[in-house]
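Biologist: I have not looked at this one before. Please go through the terms used for it and show how each is justified.

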Amino acid sequence: MIRFHFNDGKIYETPEVNGTYDELFALLNKGRQLNAPFEELDIEGQKLDKTVNDIEKVEITLA
């Protein structure tokens with residue numbers, strides 16, 4: 001699972017890791033450059049309306 005913590009306290013988590021961590025970091029780097037918004041919902045079902053630049057920290061949990 002990957003859990004993204006944003007600077008306003010919102011949290012988005014993925015149920016599982018698809019691909020490699022290199023792909024994850026490449027995706028985050030591309031998102032930082034584009035400053036593109038996340039289209040996903042947070043853990044409370046609300047639209048995130050955040051970008052990679054709003055991420056405060058990332059937790060990675062291995063099963």
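Modeller: What follows is a set of questions and answers on a predicted model.

Biologist: What makes Arg3 and Glu13 a salt bridge?

Modeller: The closest N and O atoms of Arg3 and Glu13 are 2.6 Å apart. A salt bridge needs a side-chain nitrogen of Lys or Arg within 4 Å of a carboxyl oxygen of Asp or Glu, so the pair qualifies. Arg3 lies in strand 1 and Glu13 in strand 2, so this salt bridge ties together parts that are ten residues apart in sequence.

Biologist: Why are Arg3 and Glu13 called partly exposed?

Modeller: Partly exposed is the class between under 20% (buried) and over 50% (exposed). Arg3 has a relative accessible area of 25%, so it is partly exposed. Glu13, at 29%, is therefore partly exposed as well.

Biologist: How many salt bridges does a search of the whole structure find?

Modeller: The search finds two. Besides the pair just described, Lys50 forms a salt bridge with Asp8, with the closest N and O atoms 3.0 Å apart. Lys50 is in the loop between helix 1 and strand 3, and Asp8 in the loop between strand 1 and strand 2, so the pair ties together parts that are 42 residues apart in sequence.

Biologist: Is Lys50 buried or exposed, and why?

Modeller: Lys50 has 14% relative accessibility, and buried means under 20%, so Lys50 counts as buried. Asp8, its partner in the salt bridge, has a relative accessible area of 42% and is therefore partly exposed.

Biologist: Which residues form the nonpolar patch on the surface?

Modeller: Tyr21, Phe25, Val58, Ile60 and Leu62 form the patch, with about 460 Å² of accessible area together. Helix 1 (21-34) and strand 3 (55-60) each supply at least two of the patch residues.

Biologist: How do you know that Phe25 can belong to a patch?

Modeller: Phe25 is found in helix 1. A patch residue needs over 30% relative accessible area, and Phe25 has 48%, so Phe25 passes that cut-off. With 48%, Phe25 still counts as partly exposed, because exposed means over 50%.

Biologist: Where does the largest share of the lining of the largest pocket come from?

Modeller: The largest pocket has a volume of about 470 Å³. Of the 21 residues that line this pocket, the closest to its centre are Phe4, Leu27, Leu28, Phe38 and Glu40. Helix 1 gives the largest share of the lining, seven residues. Strand 1 (2-6), strand 2 (11-14) and helix 1 each supply at least two lining residues. By class, the lining has twelve nonpolar, four polar and five charged residues.

Biologist: What makes the phi of Asn35 worth a remark?

Modeller: Most residues other than glycine have a negative phi. Asn35 is not a glycine, yet its phi is positive, about 55 degrees. Asn35 sits in the loop between helix 1 and strand 3. Its relative accessible area is 41%, so Asn35 is partly exposed.

Biologist: Why is Asp49 called exposed?

Modeller: Asp49 has 57% relative accessibility, and exposed means over 50%, so Asp49 counts as exposed. Asp49 is found in the loop between helix 1 and strand 3, and has a positive phi of about 55 degrees although it is not a glycine.

Biologist: Why does Glu56 count as exposed?

Modeller: Glu56 lies in strand 3. At 57% relative accessibility, Glu56 is over the 50% cut-off, so it counts as exposed.

How values were computed:
Residues are numbered from 1 along each chain as its sequence is written. This is a predicted model: local features need pLDDT of at least 70, side-chain atom pairs count only at pLDDT 80 or more; totals for chains, interfaces and linings use all residues. Side-chain values use heavy atoms; hydrogens and water are left out. Patches are made of residues with over 30% relative accessible area and no salt bridge: like charges are joined within 9 Å, nonpolar side chains (Val, Leu, Ile, Met, Phe, Trp, Tyr) within 5 Å. Accessible areas come from the Shrake-Rupley method with a 1.4 Å probe; for residues, only the protein chains shown count as cover. Helices (H or I, at least four residues) and strands (E, at least two) are DSSP runs, numbered from the N terminus. Buried means under 20% relative accessible area, exposed over 50%, partly exposed in between (1.4 Å probe, protein chains only). On a 1 Å grid over the protein atoms alone, a cavity is a set of points where a 1.4 Å probe fits but cannot get out, and a pocket is an open set with protein on both sides within 12 Å along at least five of seven lines; lining residues have an atom within 4 Å of a point. Grid points are joined across faces, edges and corners, and a volume is the space filled by probe spheres set on the points. Ala, Val, Leu, Ile, Met, Phe, Trp, Tyr, Cys and Pro count as nonpolar, Asp, Glu, Lys and Arg as charged, and the others, Gly among them, as polar.
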